[in-house]
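Here is a friendly walk through a few helices and strands. Have a look at the fold first, then read on.

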Amino acid sequence: MSKTVLITGASSGIGEATAKYFLQKGWNVSATMRSLNKADNWAEEKNVIYPHLDLTKPETIASATRETLEHFGQIDVLVNNAGYALMGPLEGVTPEQLEHQFQTNFFGLVSTIQNVIPVLRRQGKGTIINVSSIGGRLAFPLTSSYHATKWAVDGLSESLSYELRPFGIQVKIIEPGGIKTNFFNRGTTWATHPDYAQMVNHLQQFTKKINDYLAEPEGVAKTIYRAATDQSGRLRYSPYGEAYFFLHAILPDKLWRSLVGKIMLGKSY
Ligand SMILES: NC(=O)c1ccc[n+]([C@@H]2O[C@H](COP(=O)([O-])OP(=O)(O)OC[C@H]3O[C@@H](n4cnc5c(N)ncnc54)[C@H](OP(=O)(O)O)[C@@H]3O)[C@@H](O)[C@H]2O)c1
């Protein structure tokens, strides 16, 4: 019998590439989406459903889980992929922006996991894959809110891996480097404050410049598939992110931060 994966944020970028890769591999795919009109281009695919799931609406998380079970009878792998970045100076972040960022990237993810754990425990097996970021263990300028959510996801995932292992459930963390998706344009919300305008401008120019050189999401999809199937007990996978972790580990902290400041903000620290 085919295995089933439930993916959040399957309408674009890494989530869409992952849904298509699992389909190619013969899996049943529950490609959940916040906006259902984005499913049109896959309409002809078999073994795929498109439940509505908006991470800021807990009732849609429960209904998407139910719909997946009713249709496919099981969930073998959960991929918590959906997310976006709130960028800009912390001084300009509104409570609403911060709440929405945490509701999407952290509380919605927690709720999805809590909905799926009982299913996986009943089955006696399963894998939970949380898409964090290199920014779940490193931090870059003017991105403090986003990093706070991803560091939270990273810590939660590592801790959770211990408590779920005795039930046959694996937890995996995916920490991609920069990937060419909607993330840096449509996916990003900016907080503003006039006193940080020059820094923000420099960072925006930088992200525009690097966008063409970023890796394609299909590579991340393959890593997610490997994490779902390799049975290795490995916790972290860093597609296109290893070089950042390597440099961060070998460079003195002051030099690392000075380079990051120079490259991203045009200032040395
Ligand atoms: N791209 C990168 O460089 C990069 C690097 C490291 C980590 N990541 C992580 O990778 C994940 C996927 O991002 P991506 O790069 O593929 O960006 P993307 O193309 O912008 O995709 C983000 C997905 O999340 C969905 N989403 C946003 N808010 C949602 C909500 N409230 N409820 C349900 N779905 C929601 C979007 O749906 P809509 O289509 O409805 O907006 C979209 O499907 C994110 O968690 C991101 O933090 C990305």
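## Helices and strands at a glance

In this predicted model, helix 1 is largely enclosed by the rest of the structure, because 10 of its 12 residues are buried. Those buried residues are Gly13, Ile14, Gly15, Glu16, Ala17, Thr18, Ala19, Tyr21, Phe22 and Leu23. What do the buried residues of helix 1 pack against? Their neighbours are strand 1 (4-7), strand 2 (28-31), strand 3 (48-49) and helix 6 (217-229). Just after helix 1 comes Gly26, with a positive phi of about 90 degrees.

Helix 4 also has a list of buried residues: Ser145, Tyr146, His147, Thr149, Lys150, Val153, Asp154, Ser157, Leu160, Ser161 and Leu164. In an α-helix there are 3.6 residues a turn, so residues three or four places apart point the same way. The buried residues of helix 4 pack against strand 5 (85-87), helix 3 (95-123), strand 6 (126-131), strand 7 (169-174) and strand 9 (236-237).

For helix 1 and helix 4, the span expected at 1.5 Å a residue can be set beside the distance between the end C-alpha atoms:

| Helix | Residues | Expected span | End C-alpha distance |
|---|---|---|---|
| Helix 1 (residues 13-24) | 12 residues | 16 Å | 17 Å |
| Helix 4 (residues 144-164) | 21 residues | 30 Å | 30 Å |

The expected and modelled spans agree for helix 1, and they agree for helix 4 too.

Next, a helix pair. The axes of helix 5 (residues 197-210) and helix 8 (residues 253-265) come within 7 Å, crossing at roughly 85 degrees. An angle from 65 to 115 degrees counts as roughly perpendicular, and helix 5 and helix 8 are therefore roughly perpendicular to each other. Where they meet, helix 5 contributes Met199, His202, Leu203 and Phe206, while helix 8 brings Lys262, Ile263, Met264 and Leu265. Sorted by class, this contact has 6 nonpolar, 1 polar and 1 charged residues.

Finally, strand 4 (residues 77-80). Are its faces covered or open? Both are covered: Val77 and Val79 lie on one side, Leu78 and Asn80 on the other, and all are buried. In a regular strand, side chains alternate between the two faces of the sheet. Strand 4 pairs with strand 1 in the parallel sense over 3 bridges, and Leu78 is the bridge partner of Leu6. Strand 4 also runs parallel to strand 6, joined to it by 4 bridges; here Val77 has Thr127 as its bridge partner.

Notes:
Residues numbered from 1 in each chain as written. Predicted model: local features only at pLDDT ≥ 70, side-chain atom pairs only at ≥ 80, totals over all residues. Heavy atoms only, no water. Helix = DSSP H or I, 4+ residues; strand = E, 2+ residues; numbered from the N terminus. Expected span 1.5 Å × (residues − 1). Buried < 20%, exposed > 50% of the residue type's maximum accessible area, 1.4 Å probe, protein only. Contact = heavy atoms within 4.5 Å. Axes fitted to C-alpha atoms, helices over the stretch in contact; angles between N-to-C directions. Parallel < 35°, antiparallel > 145°, perpendicular 65-115°, else oblique. Nonpolar A, V, L, I, M, F, W, Y, C, P; charged D, E, K, R; others polar. Pairing = 2+ DSSP bridges.
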